[in-house]
Amino acid sequence: WPKCVHPIRNQEHCGSCWAFAGTEVLSDRFCVFSNGSVDVILSPQDLVSCDPSDMGCNGGRLSSEWEYMKKDGVVPDTCIPYVSGDGKVPACPKTCKDGSPVSSHKYYAKDFKHVGGWLSTHREKDIMEDIYNGGPVEGAFTVYRDFMSYKSGVYHHVSGDFLGGHAIKVVGYGVDTTSGLKYWIVANSWGTEWGLDGFFWIKKGG
């Protein structure tokens with residue numbers, strides 16, 4: 001679905017990876033499940049400013065963000081553009097950038113079969129099947145210092161201190177022909193100048 005896997009974004013200086021990964025996956029899956037008729041970029045700022053169960057620029061939980069997107073819905077980026085790149089989180093807006101009410105622009109994760117289903121699994125086969133059948137999925141992994149210098153190839157932790165958790169969009173999988181390593185193909189939210197034009201490969205199982 002080349003049209004439905006939307007471009008790499010940049011969270012900048014805000015711990016909003018969870019909001020980017022979640023809204024990007026939902027955007028892509030709306031497109032996939034509607035055969036391209038619902039092609040919208042959803043707003044990570046909506047979650048950062050308005051999701052009461054998570055912590056804005058200080059992080060969030062995948063399960064609670066999906067509950068928010070199912071029950072409260074999320075608006076397009078054109079309604080509430082991303083402004084927290086400097087680490088500041090404004091209050092939840094009641095109106096869109098154009099002055100129209102936010103409530104009239106909501107998209108709900110429950111609107112398409114399985115788009116809003118919370119599939120929590122560590123089973124490699126289940127994740128692969130879900131990507132194959134429905135599009136990108138949200139995931140999280142442990143970040144160590146050596147990840148910060150990633151440029152290309154299949155990343156796996158070798159050295160460096162623990163830095164924290166990170167949420168990302170997993171778009172596919174493959175096998176490196178040189179090393180034989182199996183990997184996930186992942187879209188990061190650090191801009192296109194990082195890694196493989198914003199993507200990276202990470203070894204399955206770490």
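In this predicted model, strands E3 and E4 run antiparallel and are joined by six bridges. Across this pairing, glycine 174 stands opposite tyrosine 183 in E4. The two strands form a hairpin, with six residues between them. Glycine 180 lies in the turn and has a positive phi of about 80°.

E4, residues 182-187, also pairs with strand E5, residues 199-203. This pairing is antiparallel too and extends over five bridges. Two of its facing positions can be named. Tryptophan 184 stands opposite isoleucine 202 in E5. Valine 186 has phenylalanine 200 of E5 as its bridge partner. Strands of a sheet pair through backbone hydrogen bonds, in either a parallel or an antiparallel sense.

These pairings belong to a sheet of five strands. The sheet is open, and its order is E1-E3-E4-E5-E2. Its pairing is mixed. E1 and strand E2 (154-155) stand at the edges, and each has a single partner strand, so one side of each is left without a neighbour in the sheet.

The protein as a whole has four helices and five strands. From the N terminus on, the elements run α-α-α-α-β-β-β-β-β. The radius of gyration is 17 Å, close to the 17 Å that the globule rule gives for 206 residues, so the protein is as compact as a globular protein of that length. Along the principal axes, the C-alpha atoms fill a box of roughly 55 × 35 × 25 Å. Among the contacts with a separation of 6 or more, 66% are between residues 24 or more positions apart.

Of the 206 residues, 49% are buried. The accessible surface comes to about 10,400 Å². Carbon and sulfur atoms account for 53% of that surface. The protein carries 20 positive and 24 negative charges, and the mean positions of the two sets are 4 Å apart.

Helix H3 spans residues 62-71. Seven of its 10 residues are buried, so the helix is largely enclosed by the rest of the structure. The buried residues are Leu62, Ser64, Glu65, Trp66, Tyr68, Met69 and Lys70. They pack against both helices and strands. The helical partners are H1 (17-33) and H2 (44-50). The strand partners are E1 (137-144) and E3 (162-175). E3 thus links two parts of this description: E3 packs against H3, and E3 pairs with E4 in the hairpin. H3 is followed by glycine 73, whose phi is positive, near 80°.

Proline 7 is found in the segment before H1. This residue is exposed, with a relative accessible area of 59%; the cut-off for exposed is over 50%. Proline 7 and cysteine 79 are 72 residues apart along the chain. Their C-alpha atoms are separated by 18 Å.

Notes
Residues are numbered from 1 along each chain as its sequence is written. This is a predicted model: local features need pLDDT of at least 70, side-chain atom pairs count only at pLDDT 80 or more; totals for chains, interfaces and linings use all residues. Side-chain values use heavy atoms; hydrogens and water are left out. Buried means under 20% relative accessible area, exposed over 50%, partly exposed in between (1.4 Å probe, protein chains only). Contact means heavy atoms within 4.5 Å. The radius of gyration is taken over C-alpha atoms; the globule rule is 2.2 Å times the number of residues to the power 0.38. Accessible areas come from the Shrake-Rupley method with a 1.4 Å probe; for residues, only the protein chains shown count as cover. Lys and Arg count as positive and Asp and Glu as negative; His and the chain ends are not counted. The place of a charge is taken as NZ of Lys, CZ of Arg, CG of Asp or CD of Glu. Two strands pair if DSSP finds at least two bridges between them.
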